[in-house]
Amino acid sequence: MTARPPSNPSPSDEAPDPGRTPTGPAPANPADAGPAPTNPGDASVPATFRPTAGRPPAHRAAAHGPGDGPMSRSSYTAPPTPRAPATPPTTPPAPTGQPATESAPPATGGGDAGGGGRDRGEGSDDGVRAAAPLGDTDRQRLLSGSHHDPHSLLGAHPVRDGILFRALRPYARSVAVAAGGLRARLRPEGDGLFSGVIPLREIPDYRLLVTYEDNEGDGEKGEDREEEQHDAYRFLPALGELDLYLIGEGRHEELWRALGARPMTHQGVAGTRFTVWAPDARGVRVAGDFNYWDGTAFPMRSLGGSGVWELFLPGVGEGAVYKFDITRPDGSHTLRADPMARRTECPPATASVVHTSHHRWGDDAWMAARAGHRVHESPFSVYEVHLPSWRPGLNYRQLAEQLPAYVKDLGFTHVELMPVAEHPFGGSWGYQVTGFYAPTARLGTPDDFKYLVDALHQAGIGVLVDWVPAHFPRDDWALAEFDGRPLYEPADPARAAHPDWGTLEFDYGRTEVRNFLVANAVYWCEEFHVDGLRVDAVASMLYLDYSREPGQWTPNAHGGRENLDAVAFLQEMNATVYRRCPGVVTIAEESTAWDGVTRATHHVGPSGFGGLGFGLKWNMGWMHDSLGYVAHEPVHRRYHHHEMTFSMVYAYSENYVLPISHDEVVHGKRSLVSKMPGDWWQQRANHRAYLGFMWAHPGKQLLFMGQEFAQGAEWSESHGPDWWLLDPSYSAEPDHRGVRDLVRDLNRTYLATPALWQRDTAPEGFAWVEGDGAEDNVFAFLRFDADGSPLLAISNFSPVVREEYRVGVPDGIPLWREVLNTDDGRYGGSGVRNPEPLKAEPTAWHGRPASILPVLPPLATIWLRPA
C-alpha cells in the first residue's frame, strides 16, 4: 500500500506528490497504501536490521569491504553478471521487442528450478503470466549499473492484463510475491532478474519472498533459505522537490538533512534513504555490508536534472556500512565514500556508516546565554588542543572527564580543537579532510564527540573547531573526480592543484560545491553546538597566484589576482553562520594584509570589496614580530624594539587574536621556551615575561597545549605534551609547575579585569606610556575598560633589576598596586616585587601629569591597577 505524502512537507522530510514525481510511474492507486508518518525524516530505525540481499555463493561471500583489498580501489571491474537459475522458464519469453506495458501469453507450467504444481497460495507460478522481457539496452544498462531510472524497470507496474512485478536478485534461486493470501512465484529471466504478470486490478501492499541456497562456503550444499523483503523499488522518492530546488540553487542550508544516508520511516516502512550528488555519473548503486559489497541489486534513480541520485532501502538501519558504486561517464566503476556521511569507519578503513544521533544535550543554559554573547567585548582566552595527542589513548568520552576540568582550572574561556573532521592520514593533524560531515572515528562516534562538547559547555568552556574549506586530498575513494570528472575541484588541473600540499582546491564558483561548504559550516555549529570556526589557510583561497609563479595562474575577469569566487564563498559562509547561529564566532587564519577580513560583508572598503565578514582574525604579524624580538639576546633587543611596538600601528584595522599556535612549535621552530635565549632560568623568565606582555596586549589570546608549562621539546602528534615534566618525582617539576601556575593567574586576573578585554577593538582602550624605551628594553602601556578604569602593564626584557623606574600615569589615581608579577617566586622567578602600593607623585613623566616609581624585575612583566 502506498502512503500519501504529508500535506505540508518540510525540506528533506518532504515526500513528493505521486503526481509530480520525476522518475518512474506511480502505483496505480497510491491512496490505498495507508497513512504516511507525520514526519518521516525524524523516525529512527533500530540498530539491528535484516540484510536485504541474501547470501551470495561461496566465492562471493568473502568479497572485500572498503579498505580490504581489491574492492576498496576506486576503479574496478564491475561484479560478474550472476548466472540464471539452473532450470530455465517453462514458457518461452515474449519477443524482445514487445512493449513492457503489455503482458505475455499466460504461462502453462512451472517457473524456476523449484518447479510448479502447487496452487498460488503455496507459491506456484500457475496463473503468473510471463512478462515482456526487458529491451537489450535497458537490460544491459540495468545490470551494468548505468540506468538512470531503475524504478521504471523494477518493482510493480500496472499493465494491460494485471500488475507486472520485476525484481533483481542476483544469486537467488527463486523470487515470489506475497500480498495478503497471495503467494505467486515470479519467472526467472536470467542474470538475476525475476518477473511475472499477476492478474490483479491494482498494486497491492506486497513483499518479496526470496529463496537462496544456504551455502556457508564449505562446499556443502545447505538447505534453501527464504527471506521476506520489502521491495525497494515500490517506494516513491523520499526526497522532495523543495530539497531538489534548493540544492540546484545552492541554497540548501541544511544540506545534511537532504543528502547522505538518513534513517527514516518512509511510506510506513523503516529503512534508510540514500542520496548522493553525482551529476556526471551514468549510474550509481549502493554497496555495503548489507549486500556483501555487491551493489548489483541496488541501483539508484536519478532525480530529474538535479544531479542527485536516490534510493530508499527498507530494513537498512543505523550502523550499516556503505559506499556508492558510481559508473563513470566512460563506463568504468569507482567505489566512493559518501561526501555527506555523518559517521565513518575508523581509518585506515574508508567506508561510510549510517548514523542517527541519540545524544540528549545538557547545555541549554550555555546555548541560551551564547545567543546574546558579544565576543569582541568579552574575555576570550583560548587553549589550543590536538585531541588525539593531548592525552594519547583517550577517546571522546574519556577526554570529557579530563579536558574540561583541566581547562577550567587554568582559567581559559575556550578550547580550540585542531580539525576533528575525518581524515585518512593522522600526520596531517586533520588538515586534509575527506569526511567533512563526520567527526573522526579514531576517538569514537559522533554522539561521543557531542558528549565532549556538552561536557565542556557544562564546565563553562566554549568550543572552537578548526575548519578546512581550502582544499581536500586526492584519495581515489573520496572527493577527487568523484563521479568520473572534476566535480568538487575546478576542471582546469592547474587551477585545481594546490601547489603547497599536493591536494586539490575546491571549485568555489560552482553553486553546489559552495552549498556543500556553507552548509558544512552551519552543520558543525548547529548539530555539534560548536561556538566558533577557525578557518584554515584563508590566504591560499583568496589569491589566484598563491604559491604560483608567473604563467602558472590565470587572472580574474578584472585582470587581478583575487579569487572572486572564494571571496563570494567566504562572505556567504560568514553571513549564513552569523544569521543562523547567534553568538557563534568565525576566525580567519589569514596571513596577508587583505583589506576587511573582519569587516561586514556589506561594507565596501578601499579595495572595492565588501568585507569578508569574519568575527576575528589571527594576528600573524604580531606573532612573527614578537617571537623574533624575544629570540634575540637581551643585549641586542634594543635594535629590534620596533618589532614589539609595530603591531599597535595596525591593531585596530581588524579584530585580532594573538596566536601562539601549533604551527610555531613544530618542524624545527622549537617550543616557546626553547626559542628564548640564555640559560634555563633566563629561558623560563623570558617565557613568563612574554606571556604577561601577550595577555595585556590588545587582542584575544591563544596558547597551544604544552606551552602552558614550558615544555622544552617540540610538539609531536605521536606522543603529545610531555606531561611527565609535571611529575612531582622529577627534579625540575617546580620549574614547569611554576609556569603553569602563572598561566592560571594570568587568566584569572584577565577575567576579573575588563580593561584587558572589554575594548579590545576600540583605540580608546589602549595608550602607550613608554614605547620608546629601546635602551632599557622596557615597554609600558595602559589598557582601559568601558568606564575608563585602567590597568598599567610594564615589561622589562632586560636581565637586570631596574630600581625606581619612573613611569607616567593618569592623574587622579593616588595609589597603584601590583596585581601580577611574572617574576614572583611562586612562578620560579627571583621574587623581585612591589609588595606595597605605589604612591603617585605630581611629577610629570611620559607626557602625563603624574608618575610612580616601581621596581622592574629582571625579564619580567608586571601589571598594576588603582589601589
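**Nonpolar cores**

I started with the largest nonpolar core of this predicted model. It holds 178 residues. I asked which members touch the most others. I noted F274, L387, F449, Y488, F506, W524 and M573. Next I looked up where the largest share of this core comes from. That share is ten residues, and α9 supplies them. I also found a second, separate core. This one has 20 residues, including V807, V809, I813 and I852.

**Helix α9**

The core led me to α9, so I checked the geometry of this helix because its length can be tested against 1.5 Å a residue. Helix α9 covers residues 511–527, which is 17 residues. The expected span is 24 Å. I read 23 Å between the end C-alpha atoms, which agrees.

Is α9 enclosed or not by the rest of the structure? I took under 20% relative accessible area as buried. By that cut-off, 15 of the 17 residues of α9 are buried, so the helix is largely enclosed. Just after α9, I noted H529 with a positive phi of about 60°.

**Helix pairs**

I then looked at how α9 packs with α11. Helix α11 spans residues 564–580. The angle between α9 and α11 is about 30°, and their axes lie 10 Å apart. Angles under 35 degrees count as roughly parallel. The two helices, α9 and α11, are therefore roughly parallel to each other. I logged their crossing as right-handed.

My second pair was α12 (residues 620–630) and α15 (residues 680–696). Here the angle is about 150° and the axes are 11 Å apart. That makes α12 roughly antiparallel to α15, since the cut-off for that class is over 145. The crossing of α12 and α15 is right-handed.

**An open sheet**

I traced a sheet of four strands next. The sheet is open, with the order β4-β3-β7-β8 and antiparallel pairing. Which strands sit at the edges? I found β4 (182–185) and β8 (224–229), each of which pairs on one side only. Neighbouring strands are turned by 25° against each other on average, direction ignored.

I looked more closely at β7, residues 207–213. Six bridges join β7 to β8, and the two strands run antiparallel. Within this pair I located L209. The residue opposite L209 is E228 in β8.

**Backbone outliers**

I went through the loops for unusual backbone values. At Y171, I found a positive phi of about 75°, although this residue is not a glycine. Y171 lies in the loop between β2 (162–168) and β3 (172–179). The strand after that loop, β3, belongs to the open sheet. Is Y171 buried or partly exposed? Its relative accessibility is 21%, so I count Y171 as partly exposed.

S547 also has a positive phi, near 55°, and is a residue other than glycine. I placed S547 in the loop between α10 (538–542) and α11. Relative accessibility here is 40%, so S547 counts as partly exposed. The helix after this loop, α11, is the one I had paired with α9.

My last entry is a cis peptide bond. Which two residues does it join? They are P347 and P348, and omega is about 15°. I placed P348 in the loop between β15 (333–336) and β16 (352–353).

Key:
Residues numbered from 1 in each chain as written. Predicted model: local features only at pLDDT ≥ 70, side-chain atom pairs only at ≥ 80, totals over all residues. Heavy atoms only, no water. Pairing = 2+ DSSP bridges. Axes fitted to C-alpha atoms, helices over the stretch in contact; angles between N-to-C directions. Expected span 1.5 Å × (residues − 1). Buried < 20%, exposed > 50% of the residue type's maximum accessible area, 1.4 Å probe, protein only. Core = buried A, V, L, I, M, F, W, Y, C linked by side-chain atoms within 4.5 Å. Parallel < 35°, antiparallel > 145°, perpendicular 65-115°, else oblique. Left-handed = near helix turned anticlockwise from the far one by under 90°.
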